[in-house]
Each structure stands twice: as C-alpha cells, then as structure tokens.
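Here is a walk through one protein model, written for someone who would rather look at side chains than at statistics. Keep the viewer open while you read.

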Amino acid sequence: PYNNIVRTTIEAMAAVLGGTQSLHTNSFDEAIALPTDFSARIARNTQLILAEESGIPHVADPLGGSYYVESLTQALIEEAKLVLAEVEAAGGMTAYVATGKPKAAIEMAAAAKQAKIDKGETVIVGVNKYRKAEEE
C-alpha cells in the first residue's frame with residue numbers, strides 16, 4: 001500500500017500540470033479500509049506540497065507547447081469525437097446507456113487491463129513485479 005503514496009503523488013501532479021480546478025488525493029490505504037488519520041494526513045500533505053513547494057501553480061500552463069502533451073491531447077480529442085458521435089447516433093446518453101454499450105465498454109477495458117497485469121505486460125510495482133520474497 002505504501003507504493004500508493006507515490007502513485008497518488010504522480011497522479012495529483014499530473015492533474016495539477018493539466019490545470020485541474022479541483023483535486024482529491026486518496027490515502028494509501030483507502031482501497032482496503034477507511035483511511036487512518038495518518039494516511040489521510042499524507043494524502044492532504046501531498047496536495048499541500050504540490051501547492052506550496054512545487055511551484056507548479058505559479059505558471060498558467062506549465063506544459064504549454066509540449067509536443068508530447070499536445071499530441072496526447074489531440075489523440076484524446078479524436079477518440080472523444082468518435083464516442084460522442086456514437087452517443088449522439090444512439091439518441092443521447094440516456095438512450096446510449098439503455099443499449100448497454102457503456103457498461104460493456106467499461107467491463108471490456110477492465111478485463112483487458114487485468115489481463116495485461118496478469119501477463120506481466122503492465123507492471124504494477126509490488127504486485128506483479130519487484131515483490132519481496134515473503135510477499136509472494
């Protein structure tokens with residue numbers, strides 16, 4: 001679970017770099033229980049460190065002009081247009097949900113991701129790679 005502190009920090013930093021207007025950081029143990037005061041403080045301090053120590057919030061667009069970010073954004077836009085066209089063709093989101101396609105897409109994506117984790121194609125440090133012997 002302690003690896004989740006690093007994961008949460010990276011995710012939060014990505015959100016801040018992307019210009020988020022709102023941010024919530026989960027505690028490292030939230031997946032297995034209600035957060036303890038200790039873990040909740042780390043989650044809160046993650047936000048405070050990004051806000052107060054990183055300097056990121058002092059720049060309007062810290063990744064502005066980055067070819068990598070711009071290309072990812074363009075790819076996301078193109079994919080979103082396809083999804084929105086499909087929703088529109090179905091008669092709107094309510095009708096689209098009624099088709100069962102959104103639920104099926106989520107389930108397929110989750111199964112595909114889990115399969116990649118299980119095969120070791122997607123590494124989850126401490127879960128499917130770099131485990132201590134006594135954790136095996």
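Glutamate 107 comes out as partly exposed in this predicted model, because its relative accessible area is 44%, which falls between the buried limit of under 20% and the exposed limit of over 50%. Its partner is lysine 103: the two side chains meet in a salt bridge, with 2.6 Å from N to O. Lysine 103 sits at 55% relative accessibility, so it counts as exposed. Both residues belong to helix H5, four residues apart, or about one turn of the helix.

How many salt bridges does the structure hold? There are two. The other one joins lysine 101 to glutamate 86, and here the closest N and O atoms are 3.9 Å apart. That pair links distant parts of the chain, since lysine 101 is in helix H5 (residues 101-119) while glutamate 86 is in helix H3 (residues 67-89), 15 residues apart. The 3.9 Å figure still makes the list because the cut-off for a salt bridge is within 4 Å. As for the general idea, side chains of opposite charge can pair when their charged atoms come close.

The four partners look like this in terms of accessibility:

| Residue | Relative accessible area | Class |
|---|---|---|
| Lysine 101 | 44% | partly exposed |
| Glutamate 86 | 35% | partly exposed |
| Lysine 103 | 55% | exposed |
| Glutamate 107 | 44% | partly exposed |

Stay with H5 for a moment. Does its length come out as expected or not, given 1.5 Å a residue? The 19 residues of H5 should span 27 Å, and the end C-alpha atoms are 27 Å apart, which agrees.

Two more H5 side chains are worth clicking on. Methionine 108 is found in this helix, and at a relative accessible area of 61% it is exposed. Measure from its C-alpha to that of threonine 25 in your viewer and you should get 27 Å, for two residues that are 83 apart in sequence. Isoleucine 106 lies in H5 too, and it is exposed as well, with a relative accessible area of 59%. Between the C-alpha atoms of isoleucine 106 and glycine 126 there are 25 Å, with 20 residues separating them along the chain.

Now move past the end of the helix. Glycine 120, just after H5, takes a positive phi of about 85°. Further along is tyrosine 130, which has a positive phi of about 65° although it is not a glycine. That is worth a second look, because most residues other than glycine have a negative phi. Tyrosine 130 is found in the segment after H5, and its 59% relative accessibility is why it counts as exposed.

Which residues make up the nonpolar surface patch of about 290 Å²? Val123, Val125 and Tyr130 do. Valine 125 is also in the segment after H5, and at 40% relative accessibility it counts as partly exposed. That value lets it into a patch, because patch residues need over 30% relative accessible area.

From the surface, turn to the inside. The largest nonpolar core has five residues: Ala12, Val16, Leu17, Leu50 and Ile56. Helix H1 (residues 3-17) gives the most to this core, with three residues. Pick valine 16 to see how the packing works: leaving aside residues up to four places away in sequence, it touches Leu23, Leu50 and Ile56.

Serine 39 is another inside residue. Is it buried or exposed? With 0% relative accessibility, serine 39 counts as buried. It is found in helix H2 (residues 37-52), and its contacts are Ser27, Phe28 and Asp29, again not counting residues up to four places away in sequence.

The loop between H1 and H2 offers a contrast. Isoleucine 32 is found there, and a relative accessible area of 67% makes it exposed. Proline 1 is 31 residues away from isoleucine 32 in sequence, yet their C-alpha atoms are 8.9 Å apart in space.

Key. Residues numbered from 1 in each chain as written. Predicted model: local features only at pLDDT ≥ 70, side-chain atom pairs only at ≥ 80, totals over all residues. Heavy atoms only, no water. Helix = DSSP H or I, 4+ residues; strand = E, 2+ residues; numbered from the N terminus. Buried < 20%, exposed > 50% of the residue type's maximum accessible area, 1.4 Å probe, protein only. Expected span 1.5 Å × (residues − 1). Patch = residues over 30% accessible without salt bridge, like charges linked within 9 Å, V, L, I, M, F, W, Y side chains within 5 Å. Areas by Shrake-Rupley, 256 points an atom, 1.4 Å probe, with all protein chains shown as cover. Core = buried A, V, L, I, M, F, W, Y, C linked by side-chain atoms within 4.5 Å. Contact = heavy atoms within 4.5 Å.
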